[in-house]
Amino acid sequence: MDIFLQQIVNGLTLGSIYALVALGYTMVYGILGLINFAHGEVVMVGAMVALMVMKALAASGLPAPIIFLIALFAAAIACMALGFTIERIAYRPLRNAPRLAPLITAIGVSIVLQQMAMIIWGRSYHSVPQLLPSENHEFFGAQITELQVIILIVAALTMAGLMLLVNRTRLGRAMRATAENPAIAGLMGVDANRIIAMTFLIGSALGALAGVLVSANYGIAHHHMGFILGLKAFTAAVLGGIGNLGGAMVGGVLLGLIEALGAGYIGDLTGGILGSHYQDVFAFFVLIVVLVFRPSGLMGEKVSERA
Amino acid sequence: MSLLEAKNIGKRFGGVQALKDVSLSINSGEIYGLIGPNGAGKTTFFNVLTGLYPRDDGEVIFDGKPLELGSPHKVTQAGIARTFQNIRLFAHMTARENVMVGRHARTKVGVVGAVFRSRAQREEEAAIERRALELLHYVGIADRASGLAKNLSYGDQRRLEIARALATEPKLLALDEPAAGMNATETAGLRTLIEGLRRDGLTVLLIEHDVKLVMGLCDRVAVLDYGEKIAEDVPDAVRNNPKVIEAYLGTSTS
(Lines give C-alpha, C1' and ligand atoms only; values in the text may rest on other atoms or scores of the structure.)
Protein backbone atom coordinates (compact mmCIF):
# COMPACT_ATOMS: atom_id res chain seq x y z
CA MET A 1 0.00 0.00 0.00
CA ASP A 2 2.77 2.44 0.86
CA ILE A 3 4.44 1.76 -2.50
CA PHE A 4 1.12 2.48 -4.20
CA LEU A 5 0.64 5.82 -2.46
CA GLN A 6 4.31 6.69 -2.95
CA GLN A 7 4.09 6.07 -6.67
CA ILE A 8 0.87 8.05 -6.94
CA VAL A 9 2.64 11.06 -5.45
CA ASN A 10 5.67 10.58 -7.67
CA GLY A 11 3.41 10.10 -10.68
CA LEU A 12 1.42 13.25 -10.00
CA THR A 13 4.62 15.29 -9.71
CA LEU A 14 6.10 13.89 -12.88
CA GLY A 15 2.75 14.06 -14.64
CA SER A 16 2.19 17.74 -13.86
CA ILE A 17 5.56 18.48 -15.46
CA TYR A 18 4.63 16.41 -18.52
CA ALA A 19 1.40 18.35 -18.66
CA LEU A 20 3.20 21.71 -18.72
CA VAL A 21 5.38 20.56 -21.62
CA ALA A 22 2.47 18.85 -23.39
CA LEU A 23 0.56 22.15 -23.39
CA GLY A 24 3.33 23.67 -25.50
CA TYR A 25 2.94 20.92 -28.10
CA THR A 26 -0.82 20.99 -28.12
CA MET A 27 -1.22 24.79 -28.33
CA VAL A 28 1.02 25.00 -31.38
CA TYR A 29 -0.68 21.99 -32.94
CA GLY A 30 -4.11 23.48 -32.31
CA ILE A 31 -3.28 26.64 -34.22
CA LEU A 32 -0.78 25.55 -36.88
CA GLY A 33 -1.40 21.80 -37.21
CA LEU A 34 2.33 21.43 -36.67
CA ILE A 35 4.23 19.20 -34.25
CA ASN A 36 6.92 21.49 -32.89
CA PHE A 37 9.57 18.84 -32.25
CA ALA A 38 11.99 21.53 -31.07
CA HIS A 39 9.84 22.16 -28.00
CA GLY A 40 11.67 19.57 -25.87
CA GLU A 41 14.92 21.43 -26.55
CA VAL A 42 13.30 24.69 -25.46
CA VAL A 43 12.55 22.99 -22.15
CA MET A 44 16.18 21.89 -21.90
CA VAL A 45 17.44 25.41 -22.63
CA GLY A 46 15.16 26.68 -19.85
CA ALA A 47 16.74 24.27 -17.37
CA MET A 48 20.29 25.12 -18.46
CA VAL A 49 19.79 28.89 -18.43
CA ALA A 50 18.25 28.69 -14.97
CA LEU A 51 21.20 26.59 -13.81
CA MET A 52 23.68 29.17 -15.13
CA VAL A 53 21.88 31.98 -13.34
CA MET A 54 21.76 29.95 -10.12
CA LYS A 55 25.50 29.35 -10.28
CA ALA A 56 26.23 32.99 -11.07
CA LEU A 57 24.16 34.18 -8.12
CA ALA A 58 25.32 31.47 -5.72
CA ALA A 59 27.84 33.78 -4.05
CA SER A 60 25.57 36.85 -4.07
CA GLY A 61 24.16 36.16 -0.62
CA LEU A 62 20.54 36.46 -1.78
CA PRO A 63 18.06 34.09 -0.12
CA ALA A 64 17.77 30.80 -2.00
CA PRO A 65 14.09 31.15 -3.03
CA ILE A 66 14.83 34.60 -4.49
CA ILE A 67 17.70 33.19 -6.54
CA PHE A 68 15.35 30.46 -7.73
CA LEU A 69 12.74 33.00 -8.82
CA ILE A 70 15.33 35.12 -10.66
CA ALA A 71 16.64 32.00 -12.40
CA LEU A 72 13.10 30.98 -13.36
CA PHE A 73 12.38 34.44 -14.72
CA ALA A 74 15.61 34.46 -16.75
CA ALA A 75 14.80 31.00 -18.12
CA ALA A 76 11.31 32.11 -19.13
CA ILE A 77 12.67 35.16 -20.97
CA ALA A 78 15.35 33.10 -22.72
CA CYS A 79 12.86 30.42 -23.78
CA MET A 80 10.30 32.94 -25.00
CA ALA A 81 12.97 34.61 -27.12
CA LEU A 82 14.06 31.21 -28.40
CA GLY A 83 10.50 30.04 -29.17
CA PHE A 84 9.72 33.31 -30.96
CA THR A 85 12.90 33.03 -33.04
CA ILE A 86 12.25 29.39 -33.96
CA GLU A 87 8.78 30.24 -35.18
CA ARG A 88 10.08 33.22 -37.12
CA ILE A 89 12.94 31.56 -38.96
CA ALA A 90 11.96 27.88 -39.15
CA TYR A 91 8.15 27.83 -39.39
CA ARG A 92 6.80 31.13 -40.65
CA PRO A 93 8.60 30.97 -44.04
CA LEU A 94 7.01 27.54 -44.51
CA ARG A 95 3.48 28.60 -43.53
CA ASN A 96 2.02 27.59 -46.89
CA ALA A 97 4.42 24.76 -47.66
CA PRO A 98 3.37 21.08 -47.57
CA ARG A 99 2.96 19.82 -44.01
CA LEU A 100 6.02 17.64 -44.18
CA ALA A 101 8.38 20.61 -44.69
CA PRO A 102 7.93 22.32 -41.29
CA LEU A 103 8.06 18.90 -39.63
CA ILE A 104 11.52 18.38 -41.09
CA THR A 105 12.70 21.85 -40.07
CA ALA A 106 11.33 21.16 -36.58
CA ILE A 107 13.51 18.07 -36.28
CA GLY A 108 16.42 20.05 -37.70
CA VAL A 109 16.00 22.84 -35.16
CA SER A 110 15.82 20.24 -32.42
CA ILE A 111 19.16 18.71 -33.46
CA VAL A 112 20.81 22.12 -33.87
CA LEU A 113 19.71 23.21 -30.40
CA GLN A 114 20.89 19.99 -28.80
CA GLN A 115 24.31 20.27 -30.41
CA MET A 116 24.64 23.95 -29.55
CA ALA A 117 23.74 23.16 -25.95
CA MET A 118 26.45 20.51 -25.93
CA ILE A 119 29.00 23.01 -27.23
CA ILE A 120 27.98 25.67 -24.72
CA TRP A 121 27.39 23.57 -21.59
CA GLY A 122 29.43 20.46 -22.35
CA ARG A 123 28.35 16.84 -22.49
CA SER A 124 28.49 16.15 -18.77
CA TYR A 125 25.60 16.03 -16.32
CA HIS A 126 25.29 19.13 -14.16
CA SER A 127 24.04 18.94 -10.64
CA VAL A 128 21.37 21.52 -9.85
CA PRO A 129 21.66 23.32 -6.50
CA GLN A 130 18.80 22.63 -4.11
CA LEU A 131 17.31 26.09 -3.63
CA LEU A 132 13.77 25.19 -2.65
CA PRO A 133 12.78 23.50 0.60
CA SER A 134 12.97 19.77 0.04
CA GLU A 135 12.39 18.23 3.45
CA ASN A 136 10.68 14.87 3.61
CA HIS A 137 7.33 14.34 5.25
CA GLU A 138 5.62 11.07 6.11
CA PHE A 139 2.15 10.93 4.69
CA PHE A 140 0.29 7.65 5.26
CA GLY A 141 3.52 5.73 4.79
CA ALA A 142 4.62 7.63 1.68
CA GLN A 143 7.50 10.09 1.54
CA ILE A 144 6.50 13.47 0.15
CA THR A 145 9.07 16.21 -0.28
CA GLU A 146 8.14 19.85 0.08
CA LEU A 147 9.54 20.35 -3.41
CA GLN A 148 6.99 17.91 -4.81
CA VAL A 149 4.18 19.85 -3.17
CA ILE A 150 5.56 23.09 -4.61
CA ILE A 151 5.76 21.55 -8.08
CA LEU A 152 2.16 20.33 -7.89
CA ILE A 153 0.83 23.69 -6.70
CA VAL A 154 2.82 25.77 -9.20
CA ALA A 155 1.82 23.52 -12.09
CA ALA A 156 -1.85 23.55 -11.08
CA LEU A 157 -1.96 27.33 -10.70
CA THR A 158 -0.17 27.86 -14.01
CA MET A 159 -2.58 25.60 -15.84
CA ALA A 160 -5.59 27.27 -14.24
CA GLY A 161 -4.17 30.62 -15.36
CA LEU A 162 -3.73 29.35 -18.89
CA MET A 163 -7.33 28.11 -19.01
CA LEU A 164 -8.52 31.54 -17.87
CA LEU A 165 -6.39 33.24 -20.48
CA VAL A 166 -7.67 31.02 -23.29
CA ASN A 167 -11.33 30.95 -22.27
CA ARG A 168 -11.91 34.37 -20.80
CA THR A 169 -9.73 36.94 -22.56
CA ARG A 170 -9.70 38.64 -25.89
CA LEU A 171 -6.34 37.07 -26.72
CA GLY A 172 -7.64 33.60 -25.90
CA ARG A 173 -10.73 34.18 -28.02
CA ALA A 174 -8.54 35.24 -30.93
CA MET A 175 -6.41 32.13 -30.43
CA ARG A 176 -9.42 29.82 -30.52
CA ALA A 177 -10.86 31.61 -33.53
CA THR A 178 -7.56 31.33 -35.39
CA ALA A 179 -7.29 27.66 -34.48
CA GLU A 180 -10.72 26.99 -35.93
CA ASN A 181 -10.54 29.03 -39.08
CA PRO A 182 -7.55 31.32 -39.75
CA ALA A 183 -9.07 32.87 -42.88
CA ILE A 184 -12.30 33.95 -41.20
CA ALA A 185 -10.50 35.07 -38.05
CA GLY A 186 -8.32 37.21 -40.33
CA LEU A 187 -11.41 38.66 -41.98
CA MET A 188 -12.62 39.69 -38.51
CA GLY A 189 -9.39 41.61 -37.92
CA VAL A 190 -7.45 38.99 -35.98
CA ASP A 191 -3.79 39.15 -36.97
CA ALA A 192 -2.86 35.48 -37.37
CA ASN A 193 0.90 36.04 -37.31
CA ARG A 194 0.66 37.85 -34.02
CA ILE A 195 -1.55 35.16 -32.50
CA ILE A 196 0.87 32.45 -33.64
CA ALA A 197 3.82 34.36 -32.16
CA MET A 198 1.91 34.72 -28.88
CA THR A 199 1.20 31.00 -28.87
CA PHE A 200 4.90 30.25 -29.16
CA LEU A 201 5.73 32.76 -26.43
CA ILE A 202 3.23 31.26 -23.99
CA GLY A 203 4.15 27.66 -24.83
CA SER A 204 7.87 28.44 -24.41
CA ALA A 205 7.31 30.11 -21.04
CA LEU A 206 5.44 27.02 -19.85
CA GLY A 207 8.31 24.91 -21.19
CA ALA A 208 10.85 27.00 -19.27
CA LEU A 209 8.88 26.50 -16.07
CA ALA A 210 8.73 22.75 -16.70
CA GLY A 211 12.47 22.60 -17.40
CA VAL A 212 13.33 24.43 -14.18
CA LEU A 213 10.94 22.28 -12.12
CA VAL A 214 12.09 18.96 -13.56
CA SER A 215 15.78 19.76 -13.05
CA ALA A 216 15.04 20.87 -9.49
CA ASN A 217 13.10 17.66 -8.86
CA TYR A 218 15.84 15.31 -10.06
CA GLY A 219 18.75 17.58 -9.16
CA ILE A 220 20.38 17.20 -12.55
CA ALA A 221 20.36 18.90 -15.94
CA HIS A 222 22.08 17.99 -19.18
CA HIS A 223 22.11 18.93 -22.84
CA HIS A 224 19.94 16.05 -24.05
CA MET A 225 17.36 16.03 -21.26
CA GLY A 226 14.88 17.69 -23.63
CA PHE A 227 14.74 14.79 -26.03
CA ILE A 228 13.12 12.10 -23.93
CA LEU A 229 11.09 14.63 -21.91
CA GLY A 230 9.77 16.12 -25.14
CA LEU A 231 8.89 12.70 -26.49
CA LYS A 232 7.02 11.81 -23.29
CA ALA A 233 5.15 15.12 -23.28
CA PHE A 234 4.26 14.64 -26.92
CA THR A 235 2.93 11.21 -25.98
CA ALA A 236 0.89 12.85 -23.22
CA ALA A 237 -0.53 15.37 -25.69
CA VAL A 238 -1.53 12.60 -28.11
CA LEU A 239 -2.95 10.54 -25.25
CA GLY A 240 -5.19 13.43 -24.20
CA GLY A 241 -6.08 14.39 -27.76
CA ILE A 242 -3.64 16.71 -29.46
CA GLY A 243 -4.91 20.23 -29.98
CA ASN A 244 -7.02 20.03 -26.83
CA LEU A 245 -5.70 21.95 -23.79
CA GLY A 246 -7.63 19.98 -21.18
CA GLY A 247 -6.52 16.82 -22.94
CA ALA A 248 -2.85 17.78 -22.60
CA MET A 249 -3.27 18.29 -18.86
CA VAL A 250 -5.17 15.05 -18.32
CA GLY A 251 -2.84 13.17 -20.65
CA GLY A 252 0.25 14.49 -18.85
CA VAL A 253 -0.95 13.57 -15.38
CA LEU A 254 -2.24 10.19 -16.57
CA LEU A 255 1.04 9.37 -18.26
CA GLY A 256 2.98 10.36 -15.14
CA LEU A 257 0.80 8.06 -13.04
CA ILE A 258 1.03 5.14 -15.47
CA GLU A 259 4.80 5.47 -15.58
CA ALA A 260 5.24 5.75 -11.84
CA LEU A 261 2.92 2.86 -11.04
CA GLY A 262 4.51 0.81 -13.80
CA ALA A 263 7.95 1.50 -12.39
CA GLY A 264 6.76 0.58 -8.92
CA TYR A 265 5.27 -2.74 -9.88
CA ILE A 266 7.19 -3.90 -12.93
CA GLY A 267 9.56 -5.95 -10.75
CA ASP A 268 6.67 -7.82 -9.13
CA LEU A 269 4.85 -8.25 -12.42
CA THR A 270 7.78 -9.82 -14.24
CA GLY A 271 9.17 -11.76 -11.31
CA GLY A 272 12.19 -9.51 -11.04
CA ILE A 273 13.31 -9.86 -14.66
CA LEU A 274 12.63 -6.21 -15.52
CA GLY A 275 13.53 -3.39 -13.14
CA SER A 276 12.10 0.11 -12.64
CA HIS A 277 14.44 1.55 -15.24
CA TYR A 278 12.10 0.00 -17.81
CA GLN A 279 9.46 2.57 -16.90
CA ASP A 280 9.72 4.19 -20.36
CA VAL A 281 8.24 1.00 -21.82
CA PHE A 282 4.93 1.94 -20.23
CA ALA A 283 4.81 5.41 -21.71
CA PHE A 284 5.34 4.24 -25.24
CA PHE A 285 3.19 1.15 -24.83
CA VAL A 286 0.38 3.51 -23.83
CA LEU A 287 1.08 5.65 -26.89
CA ILE A 288 0.74 2.63 -29.19
CA VAL A 289 -2.46 1.42 -27.54
CA VAL A 290 -4.04 4.88 -27.76
CA LEU A 291 -3.08 5.31 -31.39
CA VAL A 292 -4.53 1.91 -32.28
CA PHE A 293 -7.82 2.16 -30.40
CA ARG A 294 -8.47 5.87 -30.15
CA PRO A 295 -6.33 7.77 -32.65
CA SER A 296 -7.89 11.12 -31.73
CA GLY A 297 -6.94 10.74 -28.05
CA LEU A 298 -9.02 10.57 -24.89
CA MET A 299 -10.54 14.05 -25.16
CA GLY A 300 -9.91 14.71 -28.82
CA GLU A 301 -12.69 15.02 -31.33
CA LYS A 302 -12.90 13.06 -34.50
CA VAL A 303 -10.62 14.81 -36.95
CA SER A 304 -12.82 16.67 -39.39
CA GLU A 305 -12.02 18.77 -42.40
CA ARG A 306 -11.96 22.53 -41.87
CA ALA A 307 -14.81 24.35 -43.57
CA MET B 1 -24.81 59.02 -53.49
CA SER B 2 -22.92 55.88 -54.34
CA LEU B 3 -21.26 54.03 -51.48
CA LEU B 4 -19.52 51.44 -53.57
CA GLU B 5 -18.40 51.71 -57.13
CA ALA B 6 -16.89 48.72 -58.89
CA LYS B 7 -15.27 49.65 -62.20
CA ASN B 8 -14.46 47.15 -64.94
CA ILE B 9 -13.77 44.26 -62.59
CA GLY B 10 -12.09 41.30 -64.25
CA LYS B 11 -11.08 37.96 -62.78
CA ARG B 12 -9.54 34.93 -64.47
CA PHE B 13 -8.99 31.44 -63.13
CA GLY B 14 -6.40 30.01 -65.51
CA GLY B 15 -8.10 30.14 -68.91
CA VAL B 16 -11.57 30.79 -67.51
CA GLN B 17 -12.75 34.38 -67.54
CA ALA B 18 -14.93 34.27 -64.43
CA LEU B 19 -15.68 38.00 -64.43
CA LYS B 20 -15.41 40.30 -67.39
CA ASP B 21 -15.66 44.06 -67.25
CA VAL B 22 -18.24 44.14 -64.47
CA SER B 23 -19.13 47.65 -63.36
CA LEU B 24 -21.79 48.51 -60.88
CA SER B 25 -22.50 51.08 -58.24
CA ILE B 26 -24.40 50.64 -55.02
CA ASN B 27 -26.11 53.64 -53.48
CA SER B 28 -26.00 54.44 -49.82
CA GLY B 29 -28.98 53.00 -47.98
CA GLU B 30 -30.32 50.71 -50.68
CA ILE B 31 -30.68 46.97 -50.92
CA TYR B 32 -28.89 45.95 -54.06
CA GLY B 33 -29.50 42.51 -55.45
CA LEU B 34 -27.10 40.47 -57.55
CA ILE B 35 -28.64 37.49 -59.31
CA GLY B 36 -27.73 35.15 -62.12
CA PRO B 37 -27.84 31.50 -63.09
CA ASN B 38 -25.49 29.00 -61.44
CA GLY B 39 -21.87 29.67 -62.29
CA ALA B 40 -22.57 33.21 -63.49
CA GLY B 41 -19.83 34.61 -61.24
CA LYS B 42 -21.88 36.00 -58.35
CA THR B 43 -19.81 34.50 -55.57
CA THR B 44 -16.58 35.23 -57.43
CA PHE B 45 -17.61 38.87 -57.63
CA PHE B 46 -18.31 38.78 -53.91
CA ASN B 47 -14.94 37.27 -53.10
CA VAL B 48 -13.13 39.82 -55.25
CA LEU B 49 -15.08 42.64 -53.65
CA THR B 50 -14.29 41.51 -50.11
CA GLY B 51 -10.62 40.93 -50.86
CA LEU B 52 -10.70 37.15 -50.53
CA TYR B 53 -9.56 36.80 -54.14
CA PRO B 54 -7.18 39.27 -55.74
CA ARG B 55 -8.76 40.87 -58.80
CA ASP B 56 -7.03 40.93 -62.17
CA ASP B 57 -8.55 44.09 -63.62
CA GLY B 58 -10.51 47.10 -62.52
CA GLU B 59 -10.86 48.99 -59.28
CA VAL B 60 -13.26 49.38 -56.43
CA ILE B 61 -14.04 52.73 -54.85
CA PHE B 62 -15.66 52.38 -51.45
CA ASP B 63 -16.83 55.36 -49.45
CA GLY B 64 -14.77 57.67 -51.65
CA LYS B 65 -11.52 55.73 -51.27
CA PRO B 66 -9.99 53.01 -53.46
CA LEU B 67 -10.10 49.60 -51.82
CA GLU B 68 -6.83 47.77 -51.36
CA LEU B 69 -6.19 44.53 -53.17
CA GLY B 70 -6.38 41.11 -51.55
CA SER B 71 -6.36 42.07 -47.90
CA PRO B 72 -9.57 40.81 -46.30
CA HIS B 73 -9.13 42.44 -42.95
CA LYS B 74 -8.43 45.88 -44.47
CA VAL B 75 -11.68 45.47 -46.39
CA THR B 76 -13.43 44.75 -43.10
CA GLN B 77 -11.80 47.77 -41.54
CA ALA B 78 -12.91 49.94 -44.48
CA GLY B 79 -16.49 48.94 -43.68
CA ILE B 80 -17.54 45.95 -45.75
CA ALA B 81 -18.71 42.85 -43.91
CA ARG B 82 -19.99 39.65 -45.40
CA THR B 83 -21.58 36.32 -44.72
CA PHE B 84 -20.85 33.10 -46.54
CA GLN B 85 -22.91 30.87 -48.78
CA ASN B 86 -21.59 27.86 -46.86
CA ILE B 87 -21.79 29.07 -43.27
CA ARG B 88 -18.39 29.68 -41.73
CA LEU B 89 -18.83 30.20 -38.02
CA PHE B 90 -16.40 29.29 -35.28
CA ALA B 91 -18.31 26.10 -34.54
CA HIS B 92 -16.70 25.34 -31.19
CA MET B 93 -17.21 28.78 -29.72
CA THR B 94 -20.43 30.08 -28.25
CA ALA B 95 -22.73 32.36 -30.23
CA ARG B 96 -21.70 35.25 -28.01
CA GLU B 97 -18.00 34.58 -28.54
CA ASN B 98 -18.48 34.40 -32.30
CA VAL B 99 -19.89 37.92 -32.28
CA MET B 100 -17.19 39.09 -29.87
CA VAL B 101 -14.50 37.97 -32.32
CA GLY B 102 -16.19 40.22 -34.86
CA ARG B 103 -15.38 43.19 -32.61
CA HIS B 104 -11.67 42.61 -33.14
CA ALA B 105 -11.72 44.76 -36.25
CA ARG B 106 -12.90 47.75 -34.20
CA THR B 107 -11.16 47.40 -30.86
CA LYS B 108 -7.54 47.63 -29.88
CA VAL B 109 -6.07 46.56 -26.60
CA GLY B 110 -2.48 45.46 -26.68
CA VAL B 111 -1.16 42.10 -25.59
CA VAL B 112 0.17 43.52 -22.34
CA GLY B 113 -3.29 44.76 -21.43
CA ALA B 114 -4.78 41.37 -22.24
CA VAL B 115 -2.40 39.54 -19.92
CA PHE B 116 -2.45 41.95 -17.00
CA ARG B 117 -6.13 42.82 -17.31
CA SER B 118 -5.75 46.55 -16.98
CA ARG B 119 -8.76 48.67 -16.15
CA ALA B 120 -9.09 49.88 -19.75
CA GLN B 121 -8.98 46.29 -20.92
CA ARG B 122 -11.68 45.15 -18.51
CA GLU B 123 -13.92 48.02 -19.52
CA GLU B 124 -13.44 47.38 -23.20
CA GLU B 125 -14.07 43.67 -22.68
CA ALA B 126 -17.34 44.45 -20.90
CA ALA B 127 -18.34 46.80 -23.71
CA ILE B 128 -17.55 44.13 -26.29
CA GLU B 129 -19.70 41.61 -24.48
CA ARG B 130 -22.57 44.09 -24.11
CA ARG B 131 -22.46 44.91 -27.81
CA ALA B 132 -22.36 41.22 -28.70
CA LEU B 133 -25.51 40.57 -26.68
CA GLU B 134 -27.24 43.56 -28.28
CA LEU B 135 -26.45 42.22 -31.72
CA LEU B 136 -27.65 38.72 -30.84
CA HIS B 137 -30.85 40.32 -29.62
CA TYR B 138 -31.10 42.34 -32.83
CA VAL B 139 -30.96 39.26 -35.04
CA GLY B 140 -33.31 37.45 -32.67
CA ILE B 141 -31.14 34.75 -31.10
CA ALA B 142 -30.31 36.33 -27.74
CA ASP B 143 -31.59 33.23 -25.92
CA ARG B 144 -28.95 31.16 -27.68
CA ALA B 145 -26.00 33.34 -26.60
CA SER B 146 -24.27 30.70 -24.47
CA GLY B 147 -24.83 27.78 -26.82
CA LEU B 148 -22.09 26.54 -29.11
CA ALA B 149 -22.47 27.78 -32.67
CA LYS B 150 -22.47 24.25 -34.05
CA ASN B 151 -25.56 23.38 -32.00
CA LEU B 152 -27.69 26.17 -33.44
CA SER B 153 -30.35 25.41 -36.01
CA TYR B 154 -29.48 26.20 -39.60
CA GLY B 155 -31.55 29.36 -39.70
CA ASP B 156 -30.08 30.56 -36.42
CA GLN B 157 -26.55 29.94 -37.72
CA ARG B 158 -27.34 32.25 -40.62
CA ARG B 159 -28.59 34.87 -38.18
CA LEU B 160 -25.46 34.45 -36.07
CA GLU B 161 -23.30 35.00 -39.12
CA ILE B 162 -25.16 38.24 -39.78
CA ALA B 163 -24.68 39.32 -36.15
CA ARG B 164 -20.97 38.59 -36.38
CA ALA B 165 -20.73 40.60 -39.60
CA LEU B 166 -22.62 43.49 -37.96
CA ALA B 167 -20.15 43.44 -35.07
CA THR B 168 -17.48 44.79 -37.41
CA GLU B 169 -19.61 47.96 -37.83
CA PRO B 170 -19.97 47.75 -41.59
CA LYS B 171 -21.35 50.44 -43.88
CA LEU B 172 -22.06 47.75 -46.45
CA LEU B 173 -23.29 44.31 -45.49
CA ALA B 174 -22.83 41.70 -48.19
CA LEU B 175 -24.98 38.59 -47.86
CA ASP B 176 -24.08 35.56 -49.96
CA GLU B 177 -27.24 33.50 -50.51
CA PRO B 178 -28.58 33.98 -47.00
CA ALA B 179 -31.81 32.13 -47.79
CA ALA B 180 -30.11 29.03 -49.19
CA GLY B 181 -31.46 25.94 -47.49
CA MET B 182 -34.06 27.88 -45.50
CA ASN B 183 -37.70 26.89 -45.27
CA ALA B 184 -40.49 29.34 -46.04
CA THR B 185 -40.89 30.52 -42.43
CA GLU B 186 -37.16 31.08 -42.01
CA THR B 187 -37.00 32.97 -45.30
CA ALA B 188 -39.85 35.22 -44.20
CA GLY B 189 -38.00 35.93 -40.95
CA LEU B 190 -34.83 36.69 -42.87
CA ARG B 191 -36.72 39.12 -45.05
CA THR B 192 -37.98 41.00 -42.01
CA LEU B 193 -34.44 41.11 -40.65
CA ILE B 194 -32.96 42.53 -43.87
CA GLU B 195 -35.73 45.14 -44.10
CA GLY B 196 -34.86 46.13 -40.54
CA LEU B 197 -31.21 46.56 -41.55
CA ARG B 198 -32.17 48.96 -44.29
CA ARG B 199 -34.42 50.89 -41.92
CA ASP B 200 -31.43 51.26 -39.61
CA GLY B 201 -29.44 52.87 -42.40
CA LEU B 202 -27.31 49.98 -43.57
CA THR B 203 -26.56 49.36 -47.22
CA VAL B 204 -27.05 45.74 -48.23
CA LEU B 205 -25.67 43.78 -51.15
CA LEU B 206 -27.64 40.60 -51.59
CA ILE B 207 -26.72 37.61 -53.70
CA GLU B 208 -29.60 35.23 -53.87
CA HIS B 209 -31.04 32.35 -55.79
CA ASP B 210 -34.51 32.92 -54.43
CA VAL B 211 -35.70 35.31 -57.16
CA LYS B 212 -38.95 36.03 -55.36
CA LEU B 213 -37.07 37.21 -52.28
CA VAL B 214 -34.74 39.40 -54.34
CA MET B 215 -37.52 40.96 -56.38
CA GLY B 216 -39.57 41.69 -53.28
CA LEU B 217 -36.74 43.11 -51.23
CA CYS B 218 -34.29 44.92 -53.48
CA ASP B 219 -34.34 48.49 -54.68
CA ARG B 220 -32.20 47.64 -57.66
CA VAL B 221 -31.04 44.38 -59.17
CA ALA B 222 -28.07 43.50 -61.38
CA VAL B 223 -27.95 40.28 -63.37
CA LEU B 224 -24.75 38.42 -64.15
CA ASP B 225 -24.44 35.80 -66.84
CA TYR B 226 -21.18 34.10 -67.83
CA GLY B 227 -19.24 36.68 -65.85
CA GLU B 228 -20.80 39.70 -67.53
CA LYS B 229 -23.42 42.10 -66.32
CA ILE B 230 -26.41 41.80 -68.65
CA ALA B 231 -28.86 44.01 -66.79
CA GLU B 232 -29.15 46.51 -63.94
CA ASP B 233 -32.42 48.12 -63.03
CA VAL B 234 -35.39 48.19 -60.69
CA PRO B 235 -36.83 44.69 -60.11
CA ASP B 236 -39.83 45.06 -62.43
CA ALA B 237 -37.72 46.19 -65.36
CA VAL B 238 -35.23 43.39 -64.79
CA ARG B 239 -37.98 40.82 -64.63
CA ASN B 240 -39.17 41.79 -68.12
CA ASN B 241 -35.74 42.22 -69.66
CA PRO B 242 -35.50 39.78 -72.61
CA LYS B 243 -31.79 39.18 -71.99
CA VAL B 244 -32.50 38.14 -68.43
CA ILE B 245 -35.33 35.84 -69.45
CA GLU B 246 -33.03 34.27 -72.01
CA ALA B 247 -30.25 33.76 -69.46
CA TYR B 248 -32.57 32.06 -67.02
CA LEU B 249 -34.84 30.12 -69.37
CA GLY B 250 -32.77 29.81 -72.54
CA THR B 251 -33.98 30.52 -76.06
CA SER B 252 -36.55 28.42 -77.84
CA THR B 253 -34.33 26.48 -80.19
CA SER B 254 -35.75 23.02 -79.74
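**Chain B, burial and fold**

I began with burial in chain B of this predicted model. Buried residues account for 52% of its 254 residues. I then listed the secondary structure of chain B and found ten helices and ten strands.

Next I looked up the radius of gyration. Chain B has 19 Å, and a compact globule with 254 residues would have one near 18 Å, so the value agrees. Along the principal axes, the C-alpha trace of chain B spans about 70 × 40 × 35 Å.

I took the contacts in chain B with a separation of 6 or more. Of these, 68% join residues 24 or more positions apart.

**Chain B, surface and charge**

The accessible surface of chain B is about 11400 Å². Carbon and sulfur atoms hold 50% of that area. I counted 33 positive and 32 negative charges in chain B. How far apart are the mean positions of the positive and negative charges? They are 5 Å apart.

**Chain B, backbone**

I checked phi angles. Most residues other than glycine have a negative phi. Asp21(B) is not a glycine, yet I noted a positive phi of about 55 degrees for it. Asp21(B) sits in strand 2 of chain B, residues 16-27.

Glu169(B) also went into my notes, with a positive phi of about 55 degrees, although it is not a glycine. Where is Glu169(B) found? I placed it in the loop between helix 6 (154-167) and strand 7 (172-176) of chain B. Its relative accessibility is 41%, so I recorded Glu169(B) as partly exposed; the class runs from 20% to 50%.

**Chain A, burial and fold**

I turned to chain A. I found eleven helices and four strands in its secondary structure. Of its 307 residues, 51% are buried.

For 307 residues, a compact globule would have a radius of gyration near 19 Å; chain A has 19 Å, so the two agree. The C-alpha atoms of chain A fill a box of roughly 60 × 50 × 35 Å along the principal axes. Among contacts in chain A with a separation of 6 or more, 76% are between residues 24 or more positions apart.

**Chain A, surface and charge**

Chain A exposes about 13700 Å², with 70% of it supplied by carbon and sulfur atoms. I counted 15 positive and 13 negative side chains in chain A. The centres of these two sets lie 16 Å apart.

**Nonpolar cores**

Which residues touch the most other members of the largest nonpolar core? I listed Leu20(A), Leu23(A), Met54(A), Ile86(A), Tyr91(A), Leu162(A) and Ile202(A), out of 96 residues in that core. Helix 8 of chain A, residues 192-218, gives the largest share of this core, 14 residues. Apart from this core lies another, of 46 residues. Its members include Leu135(B), Ile141(B), Leu202(B) and Met215(B).

I followed Ile86(A) further. Leaving out residues up to four places away in sequence, Ile86(A) touches Ala38(A), Val42(A), Tyr91(A), Val109(A) and Leu113(A).

**Phe84(A)**

Last, I looked up Phe84(A), which lies in helix 3 of chain A, residues 64-91. Is Phe84(A) buried or partly exposed? At 33% relative accessibility, Phe84(A) counts as partly exposed. Not counting residues up to four places away in sequence, I found that Phe84(A) touches Ala197(A) and Leu201(A). I also checked Phe84(A) against Leu20(A), 64 residues apart along the chain. Their C-alpha atoms are separated by 18 Å.

How values were computed: Residues numbered from 1 in each chain as written. Chains lettered and ligands numbered in written order. Predicted model: local features only at pLDDT ≥ 70, side-chain atom pairs only at ≥ 80, totals over all residues. Heavy atoms only, no water. Helix = DSSP H or I, 4+ residues; strand = E, 2+ residues; numbered from the N terminus. Rg over C-alpha atoms; globule rule 2.2 N^0.38 Å. Buried < 20%, exposed > 50% of the residue type's maximum accessible area, 1.4 Å probe, protein only. Contact = heavy atoms within 4.5 Å. Areas by Shrake-Rupley, 256 points an atom, 1.4 Å probe, with all protein chains shown as cover. Lys, Arg positive; Asp, Glu negative; His and termini not counted. Charge placed at Lys NZ, Arg CZ, Asp CG, Glu CD. Core = buried A, V, L, I, M, F, W, Y, C linked by side-chain atoms within 4.5 Å.
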